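Student: I should like to understand how the terms applied to a protein model are justified. May we go through them one at a time?

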Amino acid sequence: MDKKLKLAFADDNVLHLKVIEHLAREMGNYEMLYSCHNGKELVHLLETNMEQPDVCILDLHMPEMDGMETARTLRRRYPMIRLFGYSASESADEKKRFLDSGVKLVFSKQSPRKMLISIYHYTRLCENLDIIDFEKNLFKKWNFVNQL
């Protein structure tokens with residue numbers, strides 16, 4: 001088995017926290033480092049701990065520090081961490097603003113297992129190829145596939 005991805009997750013909904021924790025453990029390809037109730041808590045944990053995640057999944061709507069503000073902060077301070085959005089919102093404008101804040105992709109809360117599988121494969125592919133060129137090409141293809 002490939003090495004596990006270190007995961008941090010921020011969502012103010014306790015049920016979503018538990019579901020992601022359970023799925024990450026069940027799937028076996030993630031190590032849950034941090035499970036937080038908002039972006040402010042996640043930023044604090046990253047600042048005060050040596051171990052950094054490979055991937056952070058951020059809920060869009062959270063109290064104290066929402067997903068967009070968290071993404072902008074993490075992008076500046078921890079550029080090597082891959083950021084992904086997680087939202088129940090169907091608003092194209094909100095999703096675009098979330099992407100503009102620094103997340104790679106925004107996933108629906110309706111399919112957490114599919115999200116974790118997609119993030120795992122995306123991250124592994126990016127690690128094994130020329131990242132800059134690969135990510136540019138992957139986004140074009142990924143966006144095309146998601147529009148089908």
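Tutor: Certainly. Please bear in mind that this is a predicted model. Let us begin with strand 1 (residues 5-10) and strand 2 (residues 30-36), which pair in the parallel sense.

Student: How do you know that strand 1 and strand 2 pair?

Tutor: Pairing requires at least two bridges between the strands. Strand 1 and strand 2 have six bridges, so the requirement is met. Within this pairing, K6 stands opposite E31 of strand 2.

Student: Which elements make up the β-α-β unit, and what is its hand?

Tutor: The unit consists of strand 1, helix 1 (residues 14-27) and strand 2, and it is right-handed. The term applies because, with the strands pointing away from the viewer, the path from the first strand over the helix to the second runs clockwise.

Student: What makes the span of helix 1 close to the expected one?

Tutor: Helix 1 has 14 residues and reaches 20 Å from its first C-alpha to its last, and the expected value at 1.5 Å a residue is also 20 Å. At its N-terminal end, N13 acts as a cap, with a side-chain oxygen 2.8 Å from the backbone nitrogen of L15. That distance falls within the 3.5 Å limit for a polar contact. After helix 1 comes G28, which has a positive phi, near 80 degrees.

Student: Which residues of helix 1 are buried?

Tutor: They are H16, L17, I20, E21, L23, A24 and M27. The word means that the relative accessible area is under 20%. For the protein as a whole, 47% of the 148 residues count as buried.

Student: Why is the contact between E51 and K6 called a salt bridge?

Tutor: The closest N and O atoms of E51 and K6 are 3.1 Å apart. The limit is 4 Å between a side-chain nitrogen of Lys or Arg and a carboxyl oxygen of Asp or Glu, so the name applies. E51 belongs to the loop between helix 2 (39-48) and strand 3 (55-59), while K6 belongs to strand 1, so the salt bridge ties together parts 45 residues apart in sequence.

Student: Are E51 and K6 buried, partly exposed or exposed, and how do you know that?

Tutor: Both are partly exposed, because E51 has 34% relative accessibility and K6 has 25%. The class lies between the limits of 20% and 50%.

Student: What does the salt bridge between E47 and R77 tie together?

Tutor: E47 lies in helix 2 and R77 in helix 3 (residues 67-77), so the pair joins parts that are 30 residues apart in sequence. The N to O distance is 2.2 Å, which is within the 4 Å limit. E47 is partly exposed because its relative accessibility is 46%, and R77 is partly exposed at 42%.

Student: How are K96 and D100 placed, and how is each classed by accessibility?

Tutor: Both lie in helix 4 (residues 92-100), four residues apart, which is about one turn of the helix. Their salt bridge has its closest N and O atoms 2.8 Å apart. K96 is partly exposed at 48%, whereas D100 is exposed at 56%, because the word exposed is used over 50%. Elsewhere, D11, D59 and K109 are joined into one network by salt bridges that share partners. The structure holds nine salt bridges.

Student: How many aromatic pairs are there, and why is that of Y30 and Y120 called edge-to-face?

Tutor: There are four aromatic pairs in the whole structure. The ring centres of Y30 and Y120 are 6.1 Å apart and their planes stand at 70 degrees, so the pair is edge-to-face; that term is used over 60 degrees. Y30 lies in strand 2 and Y120 in helix 5 (residues 112-128), so parts 90 residues apart in sequence are tied together. Y30 is buried at 4% relative accessibility, and Y120 is buried at 8%.

Student: Why, then, is the pair of F84 and F107 called tilted?

Tutor: Their planes are at 50 degrees and their centres 6.2 Å apart, so the pair is tilted: the angle lies between the limits of 30 and 60 degrees. Both F84 and F107 are buried, and ring pairs link them with Y122 into a cluster.

Terms used
Residues are numbered from 1 along each chain as its sequence is written. Side-chain values use heavy atoms; hydrogens and water are left out. Helices (H or I, at least four residues) and strands (E, at least two) are DSSP runs, numbered from the N terminus. Buried means under 20% relative accessible area, exposed over 50%, partly exposed in between (1.4 Å probe, protein chains only). Rings of Phe, Tyr and Trp (its six-membered ring) pair if their centres lie within 6.5 Å; planes under 30 degrees apart count as stacked, over 60 as edge-to-face and the rest as tilted. The expected span of a helix is 1.5 Å times one less than its number of residues. A polar contact is a pair of N or O atoms within 3.5 Å; within protein, one must be able to donate a hydrogen and the other to accept it, and residues adjacent in sequence count only if both atoms are side-chain atoms.
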